[in-house]
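Dear colleague,

Please find below the structure I promised to pass on to you. My findings follow directly after it, and I would be grateful for your comments.

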Amino acid sequence: ADGDAAKGEKVFKKCQACHDVGANAKNKVGPELNGIVGRKIASIEGFKYSPAMIEFGAGDKVWDEATLTTYLHNPKEAIPKNKMAFVGLKKDDDLSDVIAYLSQFNED
Ligand code: HEM
C-alpha cells in the first residue's frame, strides 16, 4: 500500500530476465505480469504453470498484496514445488516497492 513505485522499478530489474510488464508484454521464462495485483493466480493462457502453482490458485484465488508479499519473499517456502527459480526479496521495502511498481500496470 505504501510502496514507492519508482524504487520498485529498480527492484524489478531482478525479475526482468524472466518477466515482462507493460505494453506488448510477452511471456518469457515466467508469465507476463500486467494486472498482476488482483489477477487470478496461474491464469495466463498458453503459459505452462507448475502443478503446484495451479493448485495454489484453485478456487479462483487472486494475487493480492498479502499473497504477493509472502510469495515474493520466499517463493519456494510459500508455494513448495512451484517452478520460479528465484531466491526472493528479503527486504520489506523491496517487496512493497515492487508491488507498487507492478500495480501501475493494472487497467484502471
Ligand atoms: C511466476 C513475480 C522473479 C520465473 C510468478 C508469479 C508472479 C511472479 C507474481 C505468478 C504469476 C501468475 O500467477 O500468473 C515475480 C517477481 C519477480 C520474479 C515480482 C522479481 C522480484 C522471477 C525470476 C524468474 C521467474 C528471476 C526466473 C529465474 C517465474 C516462473 C513462474 C513465475 C517460471 C511460474 C511459476 C510456476 O508456474 O510454478 N512470478 N517473479 N520469476 N515466475 Fe516470477
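The largest pocket of this predicted model has a lining of 31 residues, and those nearest its centre are His19, Gly30, Pro31, Tyr71 and Met84. The space in this pocket amounts to about 560 Å³. By class, its lining consists of 23 nonpolar, four polar and four charged residues. Helices H3 and H5 each contribute at least two residues to the lining, and H3 provides the largest share of it, with three residues.

Two of the central lining residues, His19 and Met84, also serve as the protein donors of the iron atom of the ligand. His19 binds through NE2 and Met84 through SD, and these atoms lie 2.0 Å from the iron. His19 belongs to the loop between helix H1 (5-11) and helix H2 (51-56), whereas Met84 belongs to the loop between helix H4 (75-78) and helix H5 (92-102); the pair therefore ties together parts of the chain that are 65 residues apart in sequence. The arrangement around the iron atom is octahedral because its six donor atoms subtend angles of 88 to 178°. For reference, the ideal angles for six octahedral donors are 90 or 180 degrees. Both protein donors fall under the 20% limit for a buried residue: His19 has a relative accessibility of 12% and is buried, and Met84 is likewise buried, at 18%.

I turn next to the charged side chains. The model contains three salt bridges.

- Asp20 and Lys28 form a salt bridge with an N to O distance of 3.7 Å. Asp20 is partly exposed, at 24% relative accessible area, and Lys28 is also partly exposed, at 37%.
- Glu32 and Arg39 are joined by a salt bridge in which the closest N and O atoms are 3.6 Å apart. Glu32 and Arg39 are both buried.
- Lys40 and Asp60 make a salt bridge, with 3.6 Å between their closest N and O atoms. This pair links distant parts of the chain, 20 residues apart: Lys40 lies in the loop between H1 and H2, and Asp60 in the loop between H2 and helix H3 (65-73). Asp60 is exposed, with a relative accessible area of 55%, while Lys40 is partly exposed, at 33%.

Which of these pairs has both partners buried? The answer is Glu32 and Arg39.

Finally, two backbone positions deserve a remark. Most residues other than glycine have a negative phi. Ala42, however, has a positive phi, near 60°. Ala42 is placed in the loop between H1 and H2 and is partly exposed, with a relative accessibility of 22%. Lys81 is not a glycine either, yet its phi is positive, at about 75°. Lys81 sits in the loop between H4 and H5. With a relative accessible area of 75%, Lys81 counts as exposed. The C-alpha atom of Lys81 is 5.8 Å from that of Ala52, although the two residues are 29 residues apart along the chain.

When you go through the model, I suggest beginning with the iron atom and its protein donors, His19 and Met84, and continuing from there to the lining of the largest pocket, to which both residues belong.

With kind regards

Terms used. Residues numbered from 1 in each chain as written. Predicted model: local features only at pLDDT ≥ 70, side-chain atom pairs only at ≥ 80, totals over all residues. Heavy atoms only, no water. Donors = N, O, S within 2.8 Å, 3.2 Å for Na, K, Ca; no water. Tetrahedral: all angles 85-135°; square planar, octahedral: opposite > 155°, others 65-115°. Helix = DSSP H or I, 4+ residues; strand = E, 2+ residues; numbered from the N terminus. Buried < 20%, exposed > 50% of the residue type's maximum accessible area, 1.4 Å probe, protein only. Salt bridge = Lys/Arg side-chain N within 4 Å of Asp/Glu carboxyl O. 1 Å grid on protein atoms, 1.4 Å probe; cavity = no way out; pocket = protein on both sides within 12 Å on 5 of 7 lines; lining within 4 Å. Points joined across faces, edges and corners; volume = space filled by probe spheres on them. Nonpolar A, V, L, I, M, F, W, Y, C, P; charged D, E, K, R; others polar.
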